[in-house]
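I opened this entry to keep track of what I looked up in one chain. The notes follow the order in which I checked things.

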Amino acid sequence: MASVAAVLDGLEKKLGSLNFWRIFQTITVDNGSEFQDWEGMTRAVTGEGARTHIYYCHPHSAFERGSNENGNRMIRRKVPKGTDFTGITEADTLLV
């Protein structure tokens, strides 16, 4: 949970609050334990109020996150499950 909030904090700091909001007006997640800190995920670090809105999809309803599932499928073509990420560079990430 802390890692997810920390990544969002870093993105908001890097992008600025306005650009963050333009890109991430809403975030739809599954019910995994890593997404349970909705307050940490929505709390703005560069200003007052919420930086985004978090929505939870229903269990066993991947279709509610269609663009996410499609993105995962496309990433898995280049990075199969079980891949060791220790050697992946920023250039590799941009290529994917």
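I take a helix here to be a DSSP run of H or I with at least four residues, numbered from the N terminus. On that basis I placed L18 in helix α2, which covers residues 17-23. The model is predicted, so I read every value below as computed from it.

**Entry 1: overall layout.** I counted five helices and two strands in the chain. Read from the N terminus, their order is α-α-β-α-β-α-α. I then fitted a box along the principal axes, and the C-alpha atoms fill roughly 40 × 35 × 25 Å. Of the 96 residues in the chain, 22% are buried. For contacts with a separation of 6 or more, I found that 61% join residues 24 or more positions apart.

**Entry 2: surface and charge.** The exposed area of the chain came to about 7200 Å². Carbon and sulfur atoms supply 56% of that area. I also looked up the charges: there are 11 positive and 12 negative ones, and their mean positions lie 7 Å apart.

**Entry 3: L18.** Is L18 buried, partly exposed or exposed? Its relative accessible area is 48%, so L18 is partly exposed, under the 50% limit for exposed residues. I also checked L18 against L94: the two are 76 residues apart in sequence, and their C-alpha atoms are 23 Å apart in space.

**Entry 4: the core.** Which residues make up the largest nonpolar core? I listed eight: V4, L8, F20, I27, V29, F35, M41 and I54. The elements that give two or more residues to this core are helix α1 (2-15) and strand β1 (26-29).

**Entry 5: F20 and F24.** F20 belongs to that core and is buried, with a relative accessible area of 0%. Setting aside neighbours within four places in sequence, I found F20 in contact with L8, L11, E12, L15, R51 and T52. I then searched for aromatic pairs and the count came to one. The pair is F20 with F24: the ring centres are 4.9 Å apart and the planes meet at 40°, so I logged the pair as tilted. An angle under 30 degrees would have counted as stacked and one over 60 as edge-to-face. F24 is partly exposed, at a relative accessible area of 24%.

**Entry 6: T52.** Where is T52 found? I located T52 in the loop between α3 (38-42) and β2. T52 is buried, with a relative accessible area of 3%. Neighbours within four places in sequence left aside, T52 is in contact with F20, F24, Q25, T26, I27, M41 and T42. Among these contacts are both members of the aromatic pair, F20 and F24. I also noted T52 against L8: they are 44 residues apart in sequence and 10.0 Å apart in space, C-alpha to C-alpha.

**Entry 7: H60.** Most residues other than glycine have a negative phi. I therefore noted H60, which is not a glycine and has a positive phi of about 60°. H60 lies in the loop between β2 (53-56) and α4 (66-78). Is H60 buried or exposed? With a relative accessible area of 85%, H60 is exposed.

How values were computed:
Residues numbered from 1 in each chain as written. Predicted model: local features only at pLDDT ≥ 70, side-chain atom pairs only at ≥ 80, totals over all residues. Heavy atoms only, no water. Buried < 20%, exposed > 50% of the residue type's maximum accessible area, 1.4 Å probe, protein only. Contact = heavy atoms within 4.5 Å. Areas by Shrake-Rupley, 256 points an atom, 1.4 Å probe, with all protein chains shown as cover. Lys, Arg positive; Asp, Glu negative; His and termini not counted. Charge placed at Lys NZ, Arg CZ, Asp CG, Glu CD. Core = buried A, V, L, I, M, F, W, Y, C linked by side-chain atoms within 4.5 Å. Phe/Tyr/Trp six-rings, centres within 6.5 Å; stacked < 30°, edge-to-face > 60°.
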